[in-house]
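Here is a relaxed walk through one protein model, written for someone meeting it now. Have a look at the chain below, then read on.

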Amino acid sequence: MGVMERVATRRAPARRAKTVERPAIEADRLLRGDCISEMAKLPDGCIDMIFADPPYNLQLGGDLFRPEGGRVDAVDNDWDKFDTLAAYDRFTTAWLKEARRILKPDGTIWVIGSYHNIFRVGASLQDEGFWILNDVIWRKSNPMPNFKGTRFTNAHETLIWASQGEDARYTFNYKAMKTLNDELQMRSDWVLPICGGQERLKRNGTKAHPTQKPEALLYRVLLACTKPGDIVLDPFFGTGTTGAVAKRLGRKWIGIEREESYIEVALERIEAALPLDESSLTIMQTARQQPKVAFGTLVETGYLAPGTALMDTKRRWKVVVRADGSLQGEGGEGSIHKMGATLQGAPSCNGWTFWHYEVDGGLKSIDALRQTYLLANEP
């Protein structure tokens, strides 16, 4: 299976259950309506993975303003308002019941949230029989500051990853994640920037959606625990980040959304299959010492597309970049460092300075591209 491999849980059943034929369903489509009622129309066990970004129930007490007087474009939409915490819990339980029913026995679910709701969602997940595999911290490299100065800056969100049960055989592409992270095990704290530049979708000069997630986040989630051809369901589709990334990675998708303004944006976006671009270069700042960035980060954020050819300065060796940041060529496959060393017959190699890609008729080092990424996403 290469880098796309299936890994069983630590207490996998001794005997694999007989394969059950699941009904084929139409994918790559957006369902208009309430997520609970629309999921109820889907057959049992038809979805490989669910990514859910439910309402956070922020309970904001009035408008929030920046120090200079500008109003913060926060989440104050009706879809995020619930009368009580008990009402929110009932809503959470209802959509999780349907999610569990339509998810395949070996499927997994990801739910993202903030401190306002994620702990309540986590309890509901366990109450419904899901088995939590990880909680992942998305640490935002460029978070919005706390303008009132009354609390710590909210610089992260939490994702919960869960399977159908303790003994479920779920997909986890361990090698892909390790390669994406420069041959280090992928940790449960991910540093990625929030949406900015042209990735932040707008309509009439304002945000098309207040909580749009960056494509890099979905790229990592889908690459981690799905395979090409898998069906990914997003019951809170919004502006279609899940669908756009699924299309990029060769996965099938189903979205559910009731807000017509979001539906219009999502369909346009997926039709164009817009990848992350380099528009964030417009916010470049003075160079200074930056945190380490893995080669896989350049791939998942769209700075270097899968399929790009890399070569040394003398063009003696040529390899191709794969979706997980690994390289493949006549000499085999591996990370940027491993492939450079293997082809040269050397004990080690700094892949950042060894490998180059073609641009404007010349060669540019991937290290220069790394520096571009660091400057564009400077905290």
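## Threonine 226 and its partner

In this predicted model, the side chain of threonine 226 makes a polar contact with the side chain of arginine 251, at 2.8 Å. You'll find threonine 226 in the loop that links α5 (215-225) to β9 (231-234). Is threonine 226 buried or exposed? Its relative accessible area is 0%, so threonine 226 counts as buried.

## The chain as a whole

Let's step back for a moment. The protein chain has 379 residues, and 49% of them count as buried. Eleven helices and 16 strands can be picked out along the chain.

How do the contacts spread along the sequence? Take the contacts in the protein chain with a separation of 6 or more: 71% of them involve residues 24 or more positions apart.

## α5 against α6

Back to α5, the helix that comes just before the loop of threonine 226. Two packed helices are described by the angle between their axes and the distance between the axes. For α5 and α6 (residues 241-248), the axes come within 9 Å and cross at roughly 55 degrees. An angle between 35 and 65 degrees counts as oblique, and that makes α5 oblique to α6. The crossing of these two, α5 and α6, is right-handed.

Who does the touching? On the α5 side it's Glu215, Leu218, Tyr219 and Leu222, and they meet Thr241, Thr242, Ala244, Val245, Ala246 and Arg248 in α6. Sorted by class, the contact of α5 with α6 has six nonpolar, two polar and two charged residues.

## α6 against α7

Helix α6 also packs with α7 (residues 260-272), at an angle of about 10 degrees and with the axes 9 Å apart. What does that angle say about how α6 and α7 lie to each other? Angles under 35 degrees count as roughly parallel, and α6 and α7 are therefore roughly parallel to each other. Their crossing, that of α6 and α7, is right-handed.

In this pairing, Thr241, Gly243, Ala244 and Lys247 of α6 meet Arg269, Ile270 and Glu271 of α7. The contact of α6 with α7 divides into two nonpolar, two polar and three charged residues. Thr241 and Ala244 of α6 turn up here, and they are also on the list of α6 residues that meet α5.

## α2 against α3

Earlier in the chain, α2 (residues 85-102) packs with α3 (residues 118-127). The angle is about 45 degrees and the axes are 10 Å apart, which makes α2 oblique to α3. The crossing of α2 and α3 is right-handed.

From α2, the contact takes in Leu85, Tyr88, Asp89, Thr92, Thr93 and Leu96, and from α3 it takes in Arg120, Val121, Ser124 and Leu125. By class, the contact of α2 with α3 has five nonpolar, three polar and two charged residues.

## Threonine 108 and serine 141

Threonine 108 sits in strand β3 (residues 103-113). With 1% relative accessibility, threonine 108 counts as buried. Its side chain, that of threonine 108, makes a polar contact with the side chain of tryptophan 161, at 3.2 Å. Setting aside neighbours within four places in sequence, the residues in contact with threonine 108 include Asp48, Met49, Ile50, Leu133, Tyr170 and Cys225.

Serine 141 is in the loop between β4 (131-140) and β5 (156-163), and it's buried too, with a relative accessible area of 13%. Serine 141 and isoleucine 194 are 53 residues apart in sequence, yet their C-alpha atoms are 7.4 Å apart in space.

## β16 and helix α11

Toward the end of our walk comes leucine 363, in strand β16. Leucine 363 counts as partly exposed, at 29% relative accessibility. Methionine 311 is 52 residues away from leucine 363 along the chain, with 8.6 Å between the two C-alpha atoms. Beyond neighbours within four places, leucine 363 is in contact with residues including Met311, Arg315, His356 and Glu358.

How many residues of α11 (366-376) are buried? Nine of the eleven, so the helix is mostly covered. Among the buried ones in α11 are Ile366, Leu369, Tyr373 and Ala376. What covers the buried residues of α11 includes β16 (362-365), along with α8 (295-300), β11 (309-311), α9 (336-344), α10 (351-354) and β15 (356-359).

Note on methods. Residues numbered from 1 in each chain as written. Predicted model: local features only at pLDDT ≥ 70, side-chain atom pairs only at ≥ 80, totals over all residues. Heavy atoms only, no water. Helix = DSSP H or I, 4+ residues; strand = E, 2+ residues; numbered from the N terminus. Buried < 20%, exposed > 50% of the residue type's maximum accessible area, 1.4 Å probe, protein only. Polar contact = N/O pair within 3.5 Å; in protein donor to acceptor, adjacent residues only side chain to side chain. Axes fitted to C-alpha atoms, helices over the stretch in contact; angles between N-to-C directions. Parallel < 35°, antiparallel > 145°, perpendicular 65-115°, else oblique. Left-handed = near helix turned anticlockwise from the far one by under 90°. Contact = heavy atoms within 4.5 Å. Nonpolar A, V, L, I, M, F, W, Y, C, P; charged D, E, K, R; others polar.
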